[in-house]
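User: Please take a close look at the packing around a single residue of this structure, and follow the account outward from there to the surrounding elements and to the empty spaces in the protein.

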Amino acid sequence: MKPQIQAFFDDATWTVSYVVFDQPSGHCALVDSVLDYDPKSGRTRTHSAERLIEFVQTHGLTVQWILETHAHADHLSAAHYLRNKLGGRIAIGAAITQVQDVFKAVFHLEPDFRPDGRQFDHLLQDNEVFHIGQLKATALAVPGHTPACMAYQVGDAVLVGDTLFMPDVGTARCDFPGGNAHQLYQSVRKLLSLPPDTRLYMCHDYPPAGRATAWQTTVAEQRAHNIHVHDGVTEEAFVALRTRRDTTLEMPTLILPSVQVNIRAGAMPPAESNGVAYLKIPVNAL
């Protein structure tokens with residue numbers, strides 16, 4: 001069965017969230033959801049998440065999975081909120097434990113925070129098969145941007161997370177803790193070894209001037225035109241390009257709040273004695 005895929009673009013973070021479903025009144029997975037966050041006030045809103053909820057309810061879908069491709073550094077996940085509203089199991093790649101271990105130290109998190117993935121309902125292994133209703137899905141480990149990056153292959157479509165962007169944008173950065181440009185190159189080649197007509201769905205788009213936002217392409221288009229990893233680009237050349245480019249990039253605006261929330265599967269830190277949850281800002285630590 002060919003998956004049906006509905007995209008939702010978040011203008012504030014340039015993020016694309018997806019509802020992947022087998023049929024109307026069937027089953028679905030929600031992928032890379034967004035919890036709106038105002039860094040000036042520290043307030044959250046659920047406008048982006050409500051768009052997914054409205055689509056699910058309008059089409060009579062049952063949520064089986066709430067999937068994260070990785071612990072995002074550019075937006076907060078709405079996974080916790082969506083599970084409370086719609087049910088389903090929150091899943092991420094099993095290597096999230098490596099990311100949790102690093103950032104527990106960075107943020108000096110509470111002793112009760114365990115970097116063992118227990119905050120998620122399921123930790124996916126490389127090549128693990130699961131189902132979305134009648135659809136067969138496979139988790140594909142694609143480390144490089146982070147150690148825990150997963151792509152999700154569903155029929156003829158792959159949701160690639162932060163490995164690839166549209167061909168005229170290139171690839172994801174590799175300078176976060178645990179990132180590795182050599183690994184990203186191998187992960188990209190793994191994806192581009194799929195059949196040429198495989199549909200690839202991006203997690204972000206940062207379009208050049210004059211182009212509208214877009215998030216769907218194919219293996220063939222990426223192999224022919226991706227400005228960083230088209231056919232013929234060697235691993236050594238890619239690593240040199242990626243490393244050089246990463247030194248010019250600023251940190252994402254929401255990296256500090258988002259990582260703290262996303263390693264908790266979209267939940268806020270536990271409230272303190274006054275009933276308020278706090279996010280930490282490490283000073284001169286990164």
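Analyst: In this predicted model, L82 is in contact with L30, S33, A49, L52, I53, I66 and G87, once its neighbours within four places in sequence are left aside. The residue itself belongs to helix α2. Is L82 buried or exposed? Its relative accessibility is 0%, so L82 counts as buried. A further distance places L82 relative to an earlier part of the chain: its C-alpha atom is separated by 10.0 Å from that of V34, although the two residues are 48 apart in sequence.

Three of the contacts of L82, namely A49, L52 and I53, lead to helix α1, where they belong to the buried set S48, A49, L52, I53, F55 and V56. Viewed along the axis of α1, these buried residues fall within an arc of 160°, so they line one face of the helix. Which residues does α1 carry on the face turned away from its buried side? The exposed residues there are E54, Q57 and T58. The cover over the buried residues of α1 includes two parts of the chain at residues 15-21 and 27-31, strands β2 and β3, together with β1, β4, β6 and helix α2. The contact between L82 and I53 is thus seen again from the side of α1, because α2, which holds L82, is listed in that cover and I53 is one of the buried residues of α1.

The length of α1 also agrees with expectation: at 1.5 Å a residue, its 12 residues should span 16 Å, and the end C-alpha atoms are 16 Å apart. After α1 comes G60, which has a positive phi near 65°.

Helix α1 also takes part in the largest pocket. That pocket has a volume of about 840 Å³. Its lining comprises 39 residues, and those closest to the centre are T13, W14, D74, Y206 and P252. Which elements each supply at least two residues of this lining? They are the strands β1 (4-10), β4 (36-38) and β5 (43-45), and the helices α1 (47-58) and α6 (235-246). β1 and β4 are therefore named both here and in the cover of the buried residues of α1. In chemical terms, the lining of the largest pocket consists of 17 nonpolar, 8 polar and 14 charged residues.

The other helix in that list, α6, has 12 residues and reaches 16 Å from its first C-alpha to its last, close to the 16 Å expected at 1.5 Å a residue. Its buried residues are F238, V239, R242 and D246. They cover an arc of only 100° around the axis, which puts them on the same side of α6. E236 and R244 are exposed on the face turned away from that buried side. The packing partner of the buried residues of α6 is α4 (181-192).

Within α4, S187 offers a second buried position, with a relative accessible area of 4%. Beyond its neighbours within four places in sequence, S187 is in contact with V142 and P143.

The search for enclosed space completes the picture. How many cavities of 30 Å³ or more does a search of the whole structure find? The search finds 1, and the largest cavity has a volume of about 100 Å³. Its lining consists of A71, A73, V99, V102, F103, T146, F176, P177, I255 and V259. Helices α3 (96-107) and α7 (255-262) each supply at least two of these residues, and α3 gives the most, with 3. The lining of this cavity divides into 9 nonpolar residues, 1 polar and no charged.

The second largest pocket has a volume of about 170 Å³. H108, L109, E110, Q260, R264, P269, P270, E272, Y278 and K280 form its lining, which divides into 4 nonpolar, 2 polar and 4 charged residues.

Finally, Q216 provides a contrast with L82. This residue lies in strand β14 (residues 216-218) and is partly exposed, with a relative accessible area of 40%. Not counting residues up to four places away in sequence, Q216 touches M166, R199, L200 and Y201. Its C-alpha atom is separated by 14 Å from that of P3, 213 residues apart along the chain.

Methods
Residues numbered from 1 in each chain as written. Predicted model: local features only at pLDDT ≥ 70, side-chain atom pairs only at ≥ 80, totals over all residues. Heavy atoms only, no water. 1 Å grid on protein atoms, 1.4 Å probe; cavity = no way out; pocket = protein on both sides within 12 Å on 5 of 7 lines; lining within 4 Å. Points joined across faces, edges and corners; volume = space filled by probe spheres on them. Helix = DSSP H or I, 4+ residues; strand = E, 2+ residues; numbered from the N terminus. Nonpolar A, V, L, I, M, F, W, Y, C, P; charged D, E, K, R; others polar. Expected span 1.5 Å × (residues − 1). Buried < 20%, exposed > 50% of the residue type's maximum accessible area, 1.4 Å probe, protein only. Arc of directions from axis to C-beta. Contact = heavy atoms within 4.5 Å.
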